[in-house]
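Reader: I'd like a close look at how the strands pair up in this one, and at which helices sit against them. Could you walk me through it slowly, bridge by bridge where possible?

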Amino acid sequence: MTDLSLYRNIGIFAHVDAGKTTTTERILKLTGKIHKIGEVHDGAATTDFMEQEQERGITIQSAATTCFWKDYRFNIIDTPGHVDFTIEVYRSLKVLDGGIGVFCGSGGVEPQSETNWRYANDSKVSRVIYVNKLDRTGADFYRVVKQVQDVLGAVPVVMTLPIGTEDEFVGVVDLLTEKAWIWDNSGDPMNYEITDVPANMLEDVKKWRAELIEKVVDQDDDVMEKYLEGEEPDIETLKRCIRKGAIKMDFFPTFCGSSFKNKGVQLVLDGVIDYLPCPTEVNPQPEVDLEGNETGNFAIVDPNRPLRALAFKIMDDRYGALTFLRIYSGRLEKGTNVLNTFTGKTERIGRIVEMHADNRAEIDSAQAGDIVAVLGMKNVQTGHTLCDPKEPATLEPMVFPDPVISIAVAPKDKSASEKMGVALGKMIQEDPSFRVETDIDSGETILKGMGELHLDIKVDILRRTHGVDVIVGKPQVAYRETITRRVEDSYTHKKQTGGSGQYAKIDYVIEPGEPGSGYVFESAVTGGNVPKEYWPAVDKGFKNSLDKGVLAGFPCLDFKVILTDGGFHAVDSSAIAFEIAARAAYRQTVPKAGPQLIEPIMKIDVYTPEDHVGDVIGDLNRRRGMIKSQEAGVTGVRIKAEAPLSEMFGYIGDLRTMTSGRGQFSMEFSHYLPCPKNVSDEVIKETLERNAKK
């Protein structure tokens, strides 16, 4: 029986280029999992094993690995930082108990750090903070600590202070023990000595240690009382208070170092053991029924309870589909049958493997608290629950964002057509934020995703991993339509064809809804002019019509319908008659309600060296961008803006040209706004022409 208090399920997340993968490499080296460190910039990192990751020096999919530190078992997931792959971060956080938030010492709290931090807050994941890259020019640990407070609204509790800055960064001071850890320049993480605090830092250490104690003693009333009476708590008591506050997310223990130079990582690992929760210390997952309503039961982490496991990732590799599972309760045994509550079918558990990036070790069973992969599951998708067939239950499913960009792809020849269908099927299973649709009229295959890079990588995977050569069309923006005026109207549906006919009369109001409200239906009918049993049919008729707007056939958003009155016939009225009436009413009234095209507006965060700020802002203005703020940092300027997605295609290339390759940017969907008339006319014209050709 494994002792669950020795388990730590943790994720490493951060902005692009803050050093997550490098930190994971150092952890694997320190824990003896690998003997030679691979570097991201050489394309040799253990967890970046996809060709596309090695070429681009970025992480695309989260990789799982298991290692041991001081008898504790770490299940680690290294997540991507790029905004197009936030889905990977979101689903990893969903199944983790704790996390390491990595921040760049010079870049500080960057845009994607904010998004990931927000996800971690939503998923209630306790974290330690690690400020990395303190050997870099412009690195400033204290500035990053302040940004964590100001930008993220979090409370950092500083655990270590840096000794020296930039090139002279040699080690860290542990505030609890008041000892200095100093590494030599050999690059070996084990070549360090623990000495007294340098004389020039004594004042700082005293000040920050006092601040640490003040922040953590209020976790325990007795300790607080003694502290106020002048008695300083011992190290064990302080650790207990820090652990309690960190698990409750009242504050976040904050460490510093340089993963690339192998300095400071040991203390982060000790921090994970000391301050992050084991599987039994986090709130158990709520169980829900098939409609998604909470049942009041919880999947309590205990190997002796019925099995509850969540599939959080599907990965296709040369041996077939791998399904990653987080087991919340019970045991998973090789050769047993489990129930998938989503499909209602049972599946047999074939091989269970423990993952180390893309290498694996076979095991016979796994238990509550484990993160493992299972080979050969047929119908399991991300977010499905696997459970004991005798005691079924569903865990809270995952919610995935809608794609904002699409491209058309076509196989180069007939033989590639079938291969493409199979390959896309596998890719959809792996990535729930990636969708594939077939245009009914043209028969084109449409790929939808979270950004240009996302789709670019998908096409690359199609070509290289699956050997399917495709022709790629121009990216399409997910435009929407809405209405701008309130209209009262009436529609009568009458049809007489021998025998009973069809009759439905509805009086209704359609009006613009609040932005982001979607579709709202209300009935204000008094008396029995439209019997209650027909209201859902009217609702359904309007709701199903929204998929096709009247301007160019884009879906209609933020639309409110109020049914005010109507009429029915005792024999000829039926639910279907009222549904037909509502569909016709939609076509009749929406053109009178000032229909308008709206376009996706993206939140853009650009980082540029100071010399190029004018060029970057000028370019954003040309792209109909709205500059929100500018923030000068040590090594450059951060510009926050909003701009329409349609104007942002190819932006990364232009930005790199303007900034001699030093600019970076990230972009995520924010909201929809009306298109200017000239853009709207052009889009409608193009869409109608394209549809006419089909």
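**Strands and their neighbours**

Author: Let's start with one pair of residues: valine 338 sits opposite glutamate 347, which belongs to S18. Before going on, this is a predicted model, where local features need pLDDT of at least 70, side-chain atom pairs count only at pLDDT 80 or more, and totals for chains, interfaces and linings use all residues. Numbering starts from 1 along each chain as its sequence is written, and side-chain values use heavy atoms, with hydrogens and water left out.

Back to that pair. Strand S17 (residues 337-340) runs antiparallel to strand S18 (residues 345-348), and four bridges link them. (Strands are DSSP E runs of at least two residues and helices are H or I runs of at least four, numbered from the N terminus; two strands pair if DSSP finds at least two bridges between them.) What joins S17 to S18? The two make a hairpin with four residues between them, and in the turn glycine 344 has a positive phi of about 80 degrees.

Next comes an open sheet of three strands, ordered S13-S12-S24 and paired in the antiparallel sense. Strand S13 (294-299) and strand S24 (394-395) are at the edges with a single partner strand each, so one side of each has no neighbour in the sheet. Zoom in on S12 (residues 285-288) and you'll find three bridges tying it to S13, in the antiparallel sense. Valine 288 faces glutamate 294 of S13 there.

Now for an open sheet of four strands. Its order reads S31-S32-S34-S33, and the pairing is mixed. Which strands stand at the edges? They are strand S31 (487-495) and strand S33 (519-523), and each has a single partner strand, so each is left with one side lacking a neighbour in the sheet. On average, neighbouring strands of this sheet are turned by 25 degrees against each other, direction ignored.

S31 pairs with strand S32 (residues 502-512) in the antiparallel sense, over nine bridges. One match to look for is threonine 492, whose bridge partner in S32 is lysine 505.

So what lies on this sheet? Helix H12 (residues 535-545) lies across S32, S33 and strand S34 (559-567), and it runs at about 155 degrees to S33. (Axes are lines fitted to C-alpha atoms, for helices over the stretch in contact, and angles run from 0 to 180 degrees between N-to-C directions; contact means heavy atoms within 4.5 Å.) Helix H13 (residues 575-589) packs on the sheet too, touching S31, S32 and S34, with its direction making about 40 degrees with that of S32.

To finish, here's a contact between two helices. The axes of helix H8 (residues 235-247) and helix H9 (residues 265-275) come within 9 Å, crossing at roughly 80 degrees. H8 and H9 are therefore roughly perpendicular to each other, a label for angles of 65 to 115 degrees. Who makes the contact? From H8 come Lys239, Ile242, Arg243, Ala246 and Ile247, while H9 brings Ile273, Asp274 and Tyr275. By type, the residues of this contact between H8 and H9 are five nonpolar and three charged, with no polar ones. (Ala, Val, Leu, Ile, Met, Phe, Trp, Tyr, Cys and Pro count as nonpolar, Asp, Glu, Lys and Arg as charged, and the others, Gly among them, as polar.)

Definitions and conventions
Parallel < 35°, antiparallel > 145°, perpendicular 65-115°, else oblique. Pairing = 2+ DSSP bridges.
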